[in-house]
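Here is a short report on the fold, its sheet and its core. Please look over the sequence and the model first.

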Amino acid sequence: MSSEENHQSVSIEEYDSNVIQIGNEPIMQAALNLLNEFSTMKKIILLAKGEQIPNAVAVANIITENMLKGNSKIDDVLLDSEINDENLMLSNIKITLLKN
């Protein structure tokens, strides 16, 4: 299997309503919004790009280690990079959270 076959790009178009894009909002506000989403879903996907990656990791940790400790877990983490329009590399992350 070639490395191109293993490559999975993190694109918001690939996912449906259980996707949350992490932006510049305060981390605790994003965690509370995610907690509301978890009340109706068992699986949530967090997406972040560039400088927002640490925010996504923090939100995932707040949910799994503080707010829903023992009732949720980080199922999968996918890191990737893409070249944007300005020929600069832009890292992105997809974090899959599951509620027990």
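In what order do the 4 strands form the open sheet? The order is 1-2-4-3, with mixed pairing. Strands pair here if DSSP finds at least two bridges between them. The edge strands are strand 1 (19–21) and strand 3 (72–83), each pairing on one side only. Neighbouring strands are turned by 20° against each other on average, direction ignored. Axes are lines fitted to C-alpha atoms, for helices over the stretch in contact, and angles run from 0 to 180 degrees between N-to-C directions.

This is a predicted model, in which local features need pLDDT of at least 70, side-chain atom pairs count only at pLDDT 80 or more, and totals for chains, interfaces and linings use all residues. Residues are numbered from 1 along each chain as its sequence is written, and side-chain values use heavy atoms, leaving out hydrogens and water.

**Layout**

The protein has 3 helices and 4 strands. Along the sequence they follow the pattern α-β-α-β-α-β-β. Helices (H or I, at least four residues) and strands (E, at least two) are DSSP runs, numbered from the N terminus. Among contacts between residues at least 6 apart in sequence, 68% join residues at least 24 apart. Contact means heavy atoms within 4.5 Å.

**Strand pairs**

Two of the pairings involve strand 2.

| Pair | Bridges | Direction | Partner residues |
|---|---|---|---|
| Strand 1 and strand 2 | 3 bridges | parallel | Gln 21 and Leu 47 |
| Strand 2 and strand 4 | 7 bridges | antiparallel | Ile 44 and Leu 97 |

Strand 2 covers residues 43–49 and strand 4 covers residues 89–99. In strand 2, 5 of the 7 residues are buried, so the strand is largely enclosed by the rest of the structure. Buried means under 20% relative accessible area, exposed over 50%, partly exposed in between (1.4 Å probe, protein chains only). Of the protein's 100 residues, 36% count as buried.

**Helices on the sheet**

Helix 2 (residues 27–38) lies across strand 1, strand 2 and strand 4, at about 150° to strand 2. Helix 3 (residues 53–67) also packs on the sheet and touches strand 2, strand 3 and strand 4. Its direction makes about 10° with that of strand 4. The 15 residues of helix 3 reach 20 Å from first C-alpha to last, close to the 21 Å expected at 1.5 Å a residue. That expected span is 1.5 Å times one less than the number of residues. Buried residues of helix 3 include Ile 53, Ala 56, Ala 60 and Ile 63. Their cover includes helix 2, strand 2, strand 3 and strand 4.

**Core**

Which residues have the most contacts inside the largest nonpolar core? They are Ile 22, Leu 34, Ile 44, Leu 46, Ile 95 and Leu 97, in a core of 20 residues. The elements giving two or more residues are helix 2, strand 2, helix 3 and strand 4. Helix 3 gives the largest share, 6 residues. A nonpolar core is a set of buried Ala, Val, Leu, Ile, Met, Phe, Trp, Tyr and Cys residues joined through side-chain atoms within 4.5 Å. Beyond neighbours within four places in sequence, Ile 95 contacts residues including Ile 44, Leu 46, Val 57 and Ile 74.

**A polar residue in strand 4**

Asn 92 is found in strand 4. Is Asn 92 buried or exposed? It counts as buried, because its relative accessibility is 1%. Its side chain makes a polar contact of 3.3 Å with that of Glu 82. A polar contact is a pair of N or O atoms within 3.5 Å; within protein, one must be able to donate a hydrogen and the other to accept it, and residues adjacent in sequence count only if both atoms are side-chain atoms. The C-alpha atoms of Asn 92 and Lys 49 are separated by 4.2 Å, with the two residues 43 apart along the chain.
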